[in-house]
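Thank you all for coming. I would like to walk through one structure with you, taking the charged pairs, then the strands, and then the buried parts.

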Amino acid sequence: LVRVFALARPEAEPLVMRGHEKLVRVLLATDEPSGHQILTGSDDKSLRTWDVRTLAETRRIDFDGHVNSVEVSFDGRVLTVAAGSEVHFLDRQTLRLLRKHALPVVEGVNSAALSPDGKSFVAGGANFWVYHHDFESGQELQCSKGHHGPVYCVRFAPSGDFYTSGGDDGTIRNWRIKHEPVGPQ
């Protein structure tokens with residue numbers, strides 16, 4: 001159940017969109033030309049788009065896990081979806097899958113973000129760590145340790161030089177991108 005309130009008319013009854021069977025974790029108002037579209041993600045493992053004029057569901061994509069976060073890329077072309085133990089990258093206009101990476105080490109991806117240049121992404125989840133990955137291959141580039149609870153939010157700085165994470169431990173941490181190779185050589 002999603003309720004949409006008209007801020008200009010606080011006394012009005014909210015618009016109600018029905019369809020999700022479980023908790024809605026993500027709601028994103030899009031800036032598509034008509035301005036009448038909302039995107040939602042839920043614990044029912046679906047991502048849906050809605051037309052607020054008709055209250056009708058217009059598209060639906062199902063995932064293998066709960067949809068925990070959705071982020072629009074800096075250029076507005078890609079949706080980054082954290083669902084279960086995977087990160088999906090979808091074309092924002094068509095919702096066509098561009099790339100998908102399984103991240104079982106994260107133990108449930110709570111949040112993911114695509115870098116401004118689109119060449120890498122970060123993800124955080126239940127195991128307290130934040131991972132930086134190559135977009136094309138999914139290879140881990142960097143692991144940032146420091147939170148003392150699950151990570152619920154990750155975002156890149158517009159410069160792409162660092163990313164920020166927020167965790168259940170009440171901290172917000174900034175992580176600098178390492179440009180040297182990580183791991184055994």
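Let me start with R25, which has a relative accessibility of 45% and therefore counts as partly exposed; on this scale buried means under 20% relative accessible area, exposed over 50%, and partly exposed in between, with a 1.4 Å probe and protein chains only. Before going further I should say that this is a predicted model, in which local features need pLDDT of at least 70 and side-chain atom pairs count only at pLDDT 80 or more, while totals for chains, interfaces and linings use all residues. Residues are numbered from 1 along each chain as its sequence is written, and side-chain values use heavy atoms, with hydrogens and water left out.

Which residue does R25 form a salt bridge with? The partner is D43, and the closest N and O atoms of the pair are 2.5 Å apart; a salt bridge here is a side-chain nitrogen of Lys or Arg within 4 Å of a carboxyl oxygen of Asp or Glu. Because R25 lies in strand β3 (residues 24–29) and D43 in the loop between β4 (37–42) and β5 (46–51), the pair ties together parts that are 18 residues apart in sequence. The strands I name are DSSP runs (E, at least two residues), numbered from the N terminus. D43, at 11% relative accessibility, counts as buried.

By this rule the count comes to 8 salt bridges. In another of them R53 pairs with D51, with 2.7 Å between the closest N and O atoms; R53 counts as exposed at 53% relative accessibility, whereas D51 counts as buried at 14%. R99 forms a salt bridge with E136, where the closest N and O atoms are 2.5 Å apart. This pair links distant parts of the chain, since R99 sits in strand β10 and E136 in the loop between β13 (129–134) and β14 (140–145), 37 residues apart. R99 itself is partly exposed, with a relative accessible area of 25%. There is also one network, in which salt bridges that share partners join E21, D44, R48 and E57.

Turning to the strands, β9 and β10 (residues 97–102) pair in the antiparallel sense over 5 bridges, where pairing requires that DSSP finds at least two bridges between two strands. Within this pair, H88 stands opposite K100 in β10. The hairpin of β9 and β10 has 5 residues between the strands, and there L95 takes a positive phi near 65 degrees.

An open sheet of 4 strands follows the order β11-β12-β13-β14, with antiparallel pairing, and its edge strands are β11 and β14, each of which pairs on one side only. In this sheet β13 and β14 pair over 5 bridges, and the bridge partner of H133 in β14 is E140.

Finally, the interior: which residues touch the most other members of the largest nonpolar core? Of its 13 residues, they are V87, F89, L103 and V109, a nonpolar core being a set of buried Ala, Val, Leu, Ile, Met, Phe, Trp, Tyr and Cys residues joined through side-chain atoms within 4.5 Å. Two or more residues come from each of β8 (78–83), β9 (86–91), β11 (109–114) and β12 (120–125), and β11 gives the most, with 3 residues. Apart from this core lies another, of 12 residues, among them L47, L79, V81 and L90.
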